[in-house]
Every structure is written in structure tokens, then in C-alpha cells.
Amino acid sequence: MNEKALRILEYHKIINLLTDKATSAPGKELCHVLKPMTDLEKIEEAQRQTADAFSRLVKGDRANFSGNTDISYSIKALEIGSALSAAELLKIAASLACAARAKAFSRTERDDEIEDSLQRFFANLEPLTPLQNEINRCILSEEEIADDASAALKHIRRSISLTNDKIHSQLTNMVNGSYRTYLQDAVITMRNNRYCIPVKSEHKGNVPGMIHDQSATGSTLFIEPAVIVNLNNQLKELAMQEQDEIERILAELSANASDFTVELANNYRLLTILDFIFARAALAIDMNASRPLFNNKRYINIRKGRHPLLNKKTVVPIDVHLGADFDLLIVTGPNTGGKTVSLKTVGLFTLMGQSGLHIPALDRSELGVFTEVYADIGDEQSIEQNLSTFSAHMTNTISILDSADEHSLCIFDELGAGTDPTEGAALAIAILKHLHGRGIRTMATTHYSELKVFALTTPYVENACCEFDVETLRPTYRLLIGIAGKSNAFAISSKLGLSDEIIASAKEHISEEEESFEDLLANLEDSRRTIEKERSEIQSYKTEIASLKQRLEQKQERLDTQKDKILREANEEARRILQDAKDVADETIRNFQKANSQTSIKDLEKARTKVRDKISEKNNKLSITDAKPTHKLLKPSQLKLGDFVKVVTMGLKGTVSTLPDAKGDLFVQCGIIRSKVNIKDLVLAQEETMSGIASYKKRYGGMNSGSGSNRISMSKAATLSPEINLLGKTVDEAIAELDKYLDDAYLSHAPSVRIVHGKGTGALRQAVSQHLKRVSYVKSFHLGEYGEGDAGVTIVDFK
């Protein structure tokens with residue numbers, strides 16, 4: 001790729017963003033030298049690697065390759081038998097630790113059943129744990145070797161410590177004893193790496209020993225007492241032995257490392273490549289980018305593409321396609337409307353995609369493979385463009401025309417600008433015709449109306465425009481392909497307050513054909529907006545219908561499940577009741593068969609009473625005692641013989657035949673049937689009619705909002721726990737309990753709830769997640785964060 005296009009399209013800024021994502025110096029260097037590729041197979045491989053790294057990062061933590069440093073010089077030194085320094089050996093240990101972390105990261109984030117394109121890199125890493133542990137055991141830092149690095153070093157350092165203690169002991173006795181009056185200060189000091197004491201110059205004869213230094217004034221001499229000369233000599237010898245032993249240890253560690261130079265070099269190469277790949281993935285995550293599809297037919301189809309250097313929260317996505325239905329796209333529209341950004345987006349996406357980077361666009365966006373990208377984009381948006389500007393652009397254009405071929409992508413901003421409009425338009429048309437005739441994919445922006453006509457009348461050439469809202473006098477930055485841009489000069493001027501007289505005079509200076517052409521463009525724009533609005537409304541209706549259909553299907557599914565459950569339980573209960581009845585009957589028959597002439601009537605009556613009590617017990621169990629009556633209970637004093645009543649549980653109407661007894665039982669004549677009922681099951685037919693009218697008024701007449709459903713919701717809200725614990729339950733038990741809990745929580749208007757499912761094998765968490773996806777009134781859900789229960793808890797938000 002030519003460097004000029006890379007600079008104009010700001011490819012280097014993308015590279016800077018990529019470099020910041022790498023975590024090691026070698027990885028950053030690989031990012032820094034990244035250039036677009038032209039081989040489709042290599043591009044696809046790079047895109048696949050980026051996508052696989054993207055998937056791994058989304059599943060877990062970010063990969064860190066900070067321990068990977070450049071050890072190539074150390075490896076070369078090992079190959080020729082040289083000993084490495086402590087710092088170089090520590091770098092090798094850090095590289096091995098980085099390889100071990102990468103290996104562990106691979107095992108943690110990889111699905112064992114899926115092999116991706118990165119697995120071979122991780123599989124070939126060799127952590128060499130014994131070598132790494134040995135280096136870290138022997139070397140504490142770049143300046144310090146551990147005492148336990150060898151037995152000899154430990155013995156030498158112990159001897160040094162003992163010798164130091166002896167020297168300090170003797171010198172302490174001297175400075176605090178008979179020599180105290182001869183000393184300048186009662187201190188022990190070092191000169192030339194030998195222990196000395198500061199003696200007054202006039203008493204130097206009183207302290208036998210070697211003079212090593214004197215003070216600046218000459219009043220103090222630093223003398224090594226004769227009694228510790230041998231000890232100082234021993235200390236010097238021990239220090240030399242220590243250094244020799246350290247060099248031997250480093251040489252031994254280097255010899256061990258030299259056996260693995262191939263593995264070390266391979267680790268360095270693989271870690272650098274992995275850091276580079278994961279940097280591309282991290283950049284894709286930051287940009288919310290996706291993997292583009294590639295083709296050799298030089299087709300471009302960008303879906304909702306966002307320029308990667310603009311704020312992703314405010315940038316307006318654009319749809320661009322080129323190469324399938326047309327190979328030349330001419331973009332028109334007002335200044336600062338987004339034309340240049342559209343050009344740069346297409347060019348930069350091409351460069352990024354061919355570099356193995358994802359692009360910030362919707363998935364299934366498509367890019368062609370181009371051997372070269374040429375760009376002539378001038379950011380000088382000046383009203384006065386002089387000859388030098390035109391000459392510079394024309395020089396660049398001539399260079400592009402000489403170098404471009406059918407495998408190139410050419411981008412021109414304001415082609416033919418900077419000179420006489422008539423001549424500039426003619427030149428622009430001629431240049432675009434030349435490129436179009438050679439089948440070169442080209443995008444160009446212009447203000448010339450002649451180029452709009454050229455696009456309308458030439459096959460495989462298409463118009464596009466950047467939308468402008470005349471009402472607000474602001475561009476919308478949306479790129480509309482198939483529509484020529486309108487200048488809107490008269491409309492904008494009128495909106496800003498220019499008099500109608502001046503605007504009418506201006507219109508007289510343009511030809512009737514030009515005015516008709518602009519009016520046609522305006523009509524097309526109005527039609528497009530109307531169709532787009534209707535299409536949006538239709539899509540909204542479709543979405544709403546699909547949502548309602550899904551909710552209805554889910555509701556029907558729940559009803560079917562509940563129905564099956566109720567029928568199954570009812571059949572089981574009926575079978576049990578029949579069995580109980582059979583047992584009671586058999587027992588009664590046996591009792592009566594045992595009876596004889598000697599059996600007293602009292603005993604038979606007692607047996608009959610026992611049977612009747614058992615039957616009553618069964619009836620009481622079958623009756624619904626917990627249900628609260630939905631009607632107003634009557635008092636015995638409110639009933640008179642002949643009153644018209646309704647039996648609520650039977651749904652029948654009749655007249656009162658007898659007054660209630662002490663238990664509240666009475667007889668009601670319902671047609672030809674005379675039934676014994678309880679007063680609690682009755683309601684006056686006249687009252688029931690009035691309550692029906694009141695219910696109708698309450699529903700449709702704007703009565704107060706204290707409805708029964710609200711009271712139920714309030715009751716549930718008061719008793720509902722904000723958390724459900726599913727620990728210890730099977731998946732089927734947990735889902736059944738969860739479904740009822742979610743219904744209750746939603747009816748009680750709870751904004752959100754917590755589901756405690758634990759971590760375990762993840763089966764229950766997965767089942768809960770799948771169930772929540774099917775619940776229509778669930779707005780969103782996510783695993784708990786730090787402090788909320790982490791992966792053992794799911795937080796659910798309702799609509």
C-alpha cells in the first residue's frame with residue numbers, strides 16, 4: 001500500500017490505538033509495523049485469529065503478556081556458550097512465567113470440544129517450569145543472588161558474616177577502650193573496602209596500623225589497626241571467593257538454559273504473535289467491531305459502519321455498497337454533511353480489514369481485496385481555493401490515474417474543485433469516465449450538478465447524498481445511495497431570513513432545466529422520506545405482532561402445562577377417593593355381616609355413625625375451605641321464606657324453603673330440585689344484580705383504582721421475598737419453582753429479583769439462563785458482580 005493513502009486515511013492513528021492494546025514491547029513492535037495485506041488467504045487467516053481471540057476475551061479475563069521481553073541476544077549468547085548475567089537470566093525466567101500464564105489462560109478459556117486457530121500457538125508453548133524455578137530460586141534480583149543458590153556460597157557468606165562480627169568486636173573494644181582519647185570520633189568507618197578508625201593526626205604514633213586516607217584538613221587520619229589487618233585480608237579473600245562462586249552459579253544456570261535455546265526462541269516468537277493477535281481482539285472489543293467477510297470480486301457492502309476515530313456514542317452509522325450493481329459512486333451534499341467522513345470510512349475499513357483488524361460495523365459486512373488504495377482528500381474547506389491548491393490536487397490525481405488498475409480502490413474528495421466550475425465539472429466527468437471505463441472501483445464527492453446528471457445517465461454509475469434537514473438547517477450525516485443531493489441553497493437562505501424578492505431574483509438566473517431538475521430531486525427526497533417513515537411504522541407493527549404472538553404462545557404453553565398437571569392430580573385424587581370409599585364400604589359390609597340377633601341396635605347405630613363420620617371427613621377434605629367468598633355474606637335475619645336467592649357454588653337460582661338452622665343450613669327450591677345448602681353459599685338475587693351493575697361501572701365508569709387485582713398485587717408485594725434460593729434442587733424442581741416465583745414477582749410490580757443458583761457444574765445456572773430467555777416480561781438479566789454473589793447469582797430486571 002502506498003504510504004500517502006495510509007497517511008491521508010489516518011491509518012497510523014489506528015495503528016497507535018492497536019499498539020496501546022499490546023502488553024509487551026515485542027508485541028507493540030509487531031503492531032507498529034502492521035501493514036495491509038493483499039493475499040486473501042492470509043487476510044482470512046488473520047481475521048480468523050482475531051475473531052478467535054475476541055471470543056476468548058469475551059468469555060474471560062484479558063490475556064497478559066507483559067513478561068515477554070526481547071531475549072534474542074541472550075539466546076544467541078547461550079548458543080555460543082557464553083554465560084549470562086543475573087538480569088538476562090531473570091528475563092528468561094520472566095519469559096517462561098509468561099508462557100506458563102498463557103498456557104493456563106488457554107486451558108481456562110477454551111472449550112475442550114472446540115479447536116480454534118489459536119490453540120496451536122498455545123499448544124507449542126514450553127513453560128520449562130524446572131528451569132524457571134531454578135533461576136528464581138538462585139537469583140533474587142538483578143543485584144542479589146540467594147544464599148541458598150549453592151552450599152559453597154552459603155558457607156562463604158556465613159564466613160564473611162563471622163569475620164565481620166570479629167572485626168566489629170575488636171574495633172568496638174578499641175574505640176570504647178584505651179584508644180578513645182586518640183580518636184577524632186568513636187566510630188568505625190570504611191576506606192578502600194577495609195575497616196578503619198578516625199585517629200587524630202597528632203596521635204598517629206599511638207595507634208599502630210596502616211593509613212588509608214586522611215580528612216580534607218589533614219587533622220584526621222583513617223588508620224586500619226594492625227590487630228585487624230589479617231581479618232580484613234580474610235574478608236577480602238572471602239569477597240573474592242563469593243564473586244567467583246556467583247559467577248560459577250550464573251555459568252551453571254546459563255549452561256542449563258543453553259539446552260533449551262530452541263524452546264526459548266520458539267516461546268519468544270509465539271508469545272509475541274499471541275500478544276499481537278490479542279491486541280487486535282482487544283481493539284475490536286473497544287470499537288464494538290465485527291469480522292468482515294472478504295471476496296475477490298472487489299465488492300464492498302458496509303452495514304451500519306462507524307468511523308473508528310469518531311466518538312462511537314455520537315457518530316451516525318452509514319450503509320455503503322459498491323461493486324455489485326455499480327462501480328462508481330458519486331456523493332453530493334452540503335459542506336460538513338459527512339461526505340468526506342463517508343469516503344474515509346470506506347477507505348479506512350478496507351485498510352483495517354486487509355490488516356486483519358475487525359471493523360466497527362454490523363456483522364456480515366463485506367469488503368473486497370484491493371492491491372492498492374489511492375486517496376486524494378483535501379481537508380482544506382476554504383471558500384477561496386487558489387491555483388496552487390488545484391495544481392496539488394491535479395498532480396495527485398494524475399499520479400493516481402497512472403498507477404491505478406482494476407484491482408485498485410480510488411477515492412476523490414471534491415474532484416475538480418479549485419478552478420472554474422464549468423471546466424472543473426468537465427474535468428471531473430472526464431476523469432471519472434476514464435476510471436469507470438477501466439472498471440476501477442471509485443468513490444468521489446462533488447458539488448457539481450453536471451456530475452449528478454452524469455450519474456443518472458451512465459450505466460453502473462450511482463448517485464448518493466448526505467441527508468440535510470432544511471427545517472433545522474443541520475445535516476443528519478446519513479448516506480443515502482440512489483438519491484442525488486440537492487443544494488438546498490434557496491431553502492436555507494429563506495430559512496435564515498433572506499427576502500423572498502432576492503430569492504425570486506436569484507431563481508431567474510438559473511435555467512428552467514436546472515430548476516426542474518432541482519425540483520425533481522426535492523420531490524424524490526419527499527417521496528423517500530414518506531416511504532421510509534411508512535416502512536419504519538410497518539416494521540414497528542411487525543415487531544409488536546411478533547412479540548404479542550410469542551407472549552400468547554408462552555401463555556398457552558403454560559396453560560397447557562397447568563391443565564395437564566391439574567388433570568393428572570385430579571385423576572390421582574379421584575382414584576384415591578374411590579379406594580377410600582371402597583375400603584369404607586367393605587368395612588361396613590363386614591360389620592353388618594357380623595351382626596346377629598344378639599347384636600344391640602345401639603352397636604349398629606354406633607357403627608353407622610362411624611361410617612357417616614368418615615364420609616363427612618372425606619367431604620370436608622374435598623371442600624374448598626381456604627377460598628375467601630367473593631360475595632357479601634348474609635345474616636340469618638336477612639332471609640325470609642320465599643326470598644329469591646342464588647346458590648353461588650352451583651350457579652343456580654331458587655327460593656328459600658326453610659329458614660337457616662343453628663349451623664346455617666337451609667333448603668332452597670331450585671326448580672324441581674330441593675337442595676340443602678349453607679347460608680354462606682347464598683346471595684340475594686337482587687343484590688347480585690346490583691353488584692354486577694356496580695362492577696360494570698367500576699370497570700368502565702372511571703371508578704377509583706382500588707381494584708381487587710391491585711389488592712392482590714399489594715398483598716403479594718408485601719410477602720414476596722426479593723430473592724429465591726434454588727440451591728440443592730434438581731433442574732426440573734428449580735425451574736418449576738422459579739416460574740411461579742417470577743409470575744408472582746412480576747404481578748407484585750417488583751422491579752428486579754435475585755436468583756441464587758450457585759456455581760457448581762453450571763448446569764442449574766445454564767437452565768435458569770435458558771428459562772429467562774423465554775419469559776416475555778423479563779427485560780434483562782445478568783450474573784452478579786463482585787459483592788452481589790458473582791457467578792452464583794443471576795440478577796433479573798422486569799419490563
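## Rings, sheets and cysteines

The structure, a predicted model, holds seven aromatic pairs.

Reader: Let's start with one of those pairs. How is the pair of Phe 105 and Phe 122 classed: stacked, tilted or edge-to-face?

Author: The two ring centres are 6.4 Å apart, and the planes make 45°. Stacked needs planes under 30 degrees apart and edge-to-face needs over 60, with the rest in between. So, by those cut-offs, this pair of Phe 105 and Phe 122 is tilted.

Reader: How many residues apart in sequence are the parts that this pair ties together?

Author: Phe 105 belongs to helix α6 (residues 86-109), while Phe 122 belongs to helix α7 (residues 119-123). Both Phe 105 and Phe 122 are buried. Because the two rings sit in those two helices, the parts tied together are apart in sequence by 17 residues.

Reader: And Phe 122 with Phe 278: how many residues apart in sequence are the parts tied together there?

Author: Phe 122 and Phe 278 make an edge-to-face pair, with 6.3 Å between centres and 65° between planes. Both Phe 122 and Phe 278 are buried. Phe 122 is in helix α7 and Phe 278 is in helix α11 (residues 261-287), so the distance along the sequence is 156 residues.

Reader: Which residues do ring pairs link into a cluster?

Author: Phe 122 pairs with Phe 105, and Phe 122 also pairs with Phe 278. Ring pairs bring in one further name, Phe 65, and the cluster is Phe 65, Phe 105, Phe 122 and Phe 278.

Reader: What about charges over rings? Which ring does the charged end of Arg 191 sit over?

Author: Arg 120 lies over the face of Phe 121, 4.3 Å from the ring centre. For Arg 191, the charged end is 3.9 Å from the centre of its ring, and that ring belongs to Phe 222.

Reader: On to the four-strand sheet. Which strands stand at its edges?

Author: The order is β3-β4-β6-β5, an open sheet with antiparallel pairing. Two strands have a single partner each, so one side of each lacks a neighbour in the sheet; these are β3 (189-191) and β5 (209-214).

Reader: Which residue in β4 is the bridge partner of Thr 189?

Author: β3 and β4 (residues 194-200) run antiparallel and are joined by three bridges. In β4, Thr 189 has as its bridge partner Cys 196.

Reader: What angle does helix α10 make with β4?

Author: Helix α9 (residues 151-175) packs on this sheet, touching β4 and β6 (220-225), at about 10° to β4. Helix α10 (residues 229-258) packs there too, touching β4 and β6, and its direction relative to β4 is about 145°.

Reader: Now the six-strand sheet. Which residue in β14 stands opposite Leu 328?

Author: That open sheet has mixed pairing and the order β12-β13-β14-β10-β15-β16. Within the sheet, β10 (residues 328-332) and β14 (residues 441-446) pair in the parallel sense over five bridges. Opposite Leu 328, in β14, stands Thr 442.

Reader: Last one, on cysteines. How many disulfides does the structure hold?

Author: A disulfide needs two cysteine sulfur atoms within 2.5 Å. The sulfur of Cys 465 has its closest cysteine sulfur in Cys 466, at 7.0 Å, which is too far for a bond. Cys 465 is buried, at 5% relative accessible area. For the structure, the number of disulfides is zero.

Methods
Residues numbered from 1 in each chain as written. Predicted model: local features only at pLDDT ≥ 70, side-chain atom pairs only at ≥ 80, totals over all residues. Heavy atoms only, no water. Phe/Tyr/Trp six-rings, centres within 6.5 Å; stacked < 30°, edge-to-face > 60°. Buried < 20%, exposed > 50% of the residue type's maximum accessible area, 1.4 Å probe, protein only. Lys NZ or Arg CZ within 6 Å of the ring centre and 35° of its normal. Pairing = 2+ DSSP bridges. Contact = heavy atoms within 4.5 Å. Axes fitted to C-alpha atoms, helices over the stretch in contact; angles between N-to-C directions.
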